[in-house]
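Subject: Handover of a structure and notes on its features

Dear colleague,

Please find below the structure that I am handing over to you. I would be grateful if you kept it open while reading the notes that follow.

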Amino acid sequence: MARKMLVDGDLDKSNEGENHYDFDLFVIGAGSGGVRASRFSAQYGAKVGVCELPFHPISSEVIGGVGGTCVIRGCVPKKILFYGASFGADLEDARNYGWELNERIDFNWKKHLHKKTEEIVRLNGIYKRLLANAGVKLFEGEGRVVGPNEVEVIQNDGTKIGYSAKHILIATGSRAQRPDIPGQELAITSDEALSLEELPKRVFILGGGYIALEFASIWRGMGVAVDLCFRKELPLRGFDDEMRALVARNLEARGITMHPWTTITELVKTEEGIQIHTNHGEEIMADAVLFATGRVPNTKRLNLESVGVELDTTTGAVKVDDYSRTNIPNIWAIGDVTNRLNLTPVALMEGTCFAKTVFGGQPMAPDYDHVPCAVFCIPPLSVVGLSEEKALEEANGDILVFTSTFNPMRNTISGRQEKTVMKLIVDAETDKVLGASMCGPEAPEILQGIAVALKCGATKAQFDSTVGIHPSSAEEFVTMRSVTRRVSPKTNLQT
């Protein structure tokens, strides 16, 4: 979406003839990116105000909470559920390590849910204190832009209070969307899935992205019967094909029923539960149906178009330049509301760059190269850099593919038949490592360090010269000596 570059003097020109403002910066949205931008801007001496909707685990147009999606209804609660779901298999594996688990082990969903809610409430309080300690003024209510330098906060009682600001930052994130399917009101989104009062016995999930796979793994790990349907042959479109296939096999091995090339045509409420009709004529019963079909930028109620801020006509995302600036010089946007690279750490980076650019005197554009990410299915997948397919698209010469497939050491005793796979993509001419991926236990923890190496431009020779930590899975990344295949981008022939 980048359309223009910030040049010296742009900020000064945008402030020519400025009058007194209530704030140097007013931020709409106190999620990860908004809080980071607010705090760092205040540390540079700016007078900062930020508004956010009242707290609630399930978001809507009138409720949200300081901390945003990641803290309240995203990364953090999901990871807590991921841990809870992982213990079941770990306890089973422990039997072969000598642990005598003679009594039946039950899972208490309500207790786990209570602990999760306690944690997000605690974090919500921490984020509020972070803002207060930085000197940021927090307003509770719905924010709207009413002019190039004016915002309006609508409080719970409907009272509207206006504020002027030298700069306005939009950081309202995104929201789960529902596909237009007959009976769609019977389904839930990831928001509700993280706060269900009762754990369902049967779940049907529509979606092939990371949210769908994560909830499939979580519910299956808690003993729920899970059906997962997606439109293509494999889930996780955009990830490395070899790793996608592995994840699909792992999900099936864990007991998840996969439905490739499948969509829902209708949902019907019955006495036995929800009846799911598919494009293949199937009728499948479930207690809950999860729509994990993507998210859309939260821009509908911001009044941006009337102010002249350009939005993407397809997604509704705020259009910005390389420095997160909109077409209105003093209105900016960061995070998922811009639909660039929708990850919490990326929103944090964008918030940092914004503060340095506008208030720190250090114009800095976010750097999206070698951003690592993880899919917290069980076992997890983590990647950084280029997939094999993307490397072939961009390469001028051959690429070398190195892979290592093995049974993790802990599985040799537990007896669990679940392979870990690691992969390196290397430029044949320069020896530079272009991408790395891993599916297996602790993959995100291992790939974070690999991401540093790729960010520094590491070569395969440098990987090879690094001494491994033994015995560990991580050492496989520095002991892959033999080329699995050499691939030419011109012919796509493998040798």
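In which loop is His470 found? His470 sits in the loop that runs between helix H14 (460-464) and strand E22 (485-487). Please bear in mind that this is a predicted model.

**The annotated residue and its surroundings**

The unreviewed UniProt entry carries the annotation "active site", and this annotation covers His470. Is His470 buried or exposed? With a relative accessible area of 65%, His470 is above the 50% limit and therefore counts as exposed.

The side chain of His470 makes a polar contact of 2.7 Å with the side chain of Glu475. Glu475 is likewise placed in the loop between H14 and E22. Glu475 is buried but takes part in no salt bridge. The nearest side chain of opposite charge belongs to Arg481, and it is 9.3 Å away. A salt bridge requires the atoms to be within 4 Å, so Arg481, at 9.3 Å, does not provide one for Glu475. When neighbours within four places in sequence are set aside, the residues in contact with Glu475 are Gly468, Ile469 and His470.

The peptide bond that leads from His470 to Pro471 is cis, and its omega is near -10°. Pro471 also has its place in the loop between H14 and E22.

**Salt bridges**

How many salt bridges does the structure hold? The number is 24. Three of them are described here, and you may wish to find each one in the model.

Lys78 and Glu214 form a salt bridge in which the closest N and O atoms are 3.3 Å apart. This pair connects distant parts of the chain, since Glu214 belongs to helix H7 (residues 210-221) and Lys78 to helix H4 (residues 75-94), with the two positions 136 residues apart. Both Glu214 and Lys78 are buried.

Helix H4 also contains Asp93, whose partner Arg416 lies in the loop between helix H12 (409-414) and strand E20 (420-427), 323 residues apart from it. The side chains of Asp93 and Arg416 meet in a salt bridge of 3.1 Å, taken from N to O. How do the two partners compare in accessibility? Asp93 has a relative accessible area of 8%, which is under 20%, and so it is buried. Arg416 has a relative accessibility of 22%, which falls between 20% and 50%, and therefore counts as partly exposed.

The third example involves Lys423 and Asp240, with the closest N and O atoms 2.8 Å apart. Lys423 is in strand E20, while Asp240 is in the loop between strand E9 (225-229) and helix H8 (241-253); they are 183 residues apart and again link distant parts of the chain. Lys423 and Asp240 are both buried. Which residues are joined into one network by salt bridges that share partners? They are Asp240, Glu242, Glu388, Lys423 and Arg485.

**Notable backbone geometry**

A cis peptide bond also joins Ile378 to Pro379, with omega at about -5°. Pro379 is part of the loop between strand E17 (373-375) and strand E18 (381-385).

Two residues deserve a look for their phi angles. Leu236 is not a glycine, yet its phi is positive, at about 60°. Leu236 is located in the loop between E9 and H8. Its relative accessible area is 2%, so Leu236 is buried. His370, which is also a residue other than glycine, has a positive phi near 55°. The loop between helix H10 (344-358) and E17 holds His370. At a relative accessible area of 24%, His370 is over the 20% limit for burial but not over 50%, and so it is partly exposed.

**A strand pair**

How do strands E11 and E12 run with respect to each other, parallel or antiparallel? Strand E11 (residues 264-270) and strand E12 (residues 273-278) run antiparallel and are joined by six bridges. In one of these pairings, Glu266 has His277 in E12 as its bridge partner. The hairpin that connects E11 to E12 passes through two residues.

Yours sincerely

Conventions. Residues are numbered from 1 along each chain as its sequence is written. This is a predicted model: local features need pLDDT of at least 70, side-chain atom pairs count only at pLDDT 80 or more; totals for chains, interfaces and linings use all residues. Side-chain values use heavy atoms; hydrogens and water are left out. UniProt positions are given in the numbering used here, feature names are shortened, and annotations may be inferred rather than shown by experiment. Helices (H or I, at least four residues) and strands (E, at least two) are DSSP runs, numbered from the N terminus. Buried means under 20% relative accessible area, exposed over 50%, partly exposed in between (1.4 Å probe, protein chains only). A polar contact is a pair of N or O atoms within 3.5 Å; within protein, one must be able to donate a hydrogen and the other to accept it, and residues adjacent in sequence count only if both atoms are side-chain atoms. Lys and Arg count as positive and Asp and Glu as negative; His and the chain ends are not counted. Contact means heavy atoms within 4.5 Å. Two strands pair if DSSP finds at least two bridges between them.
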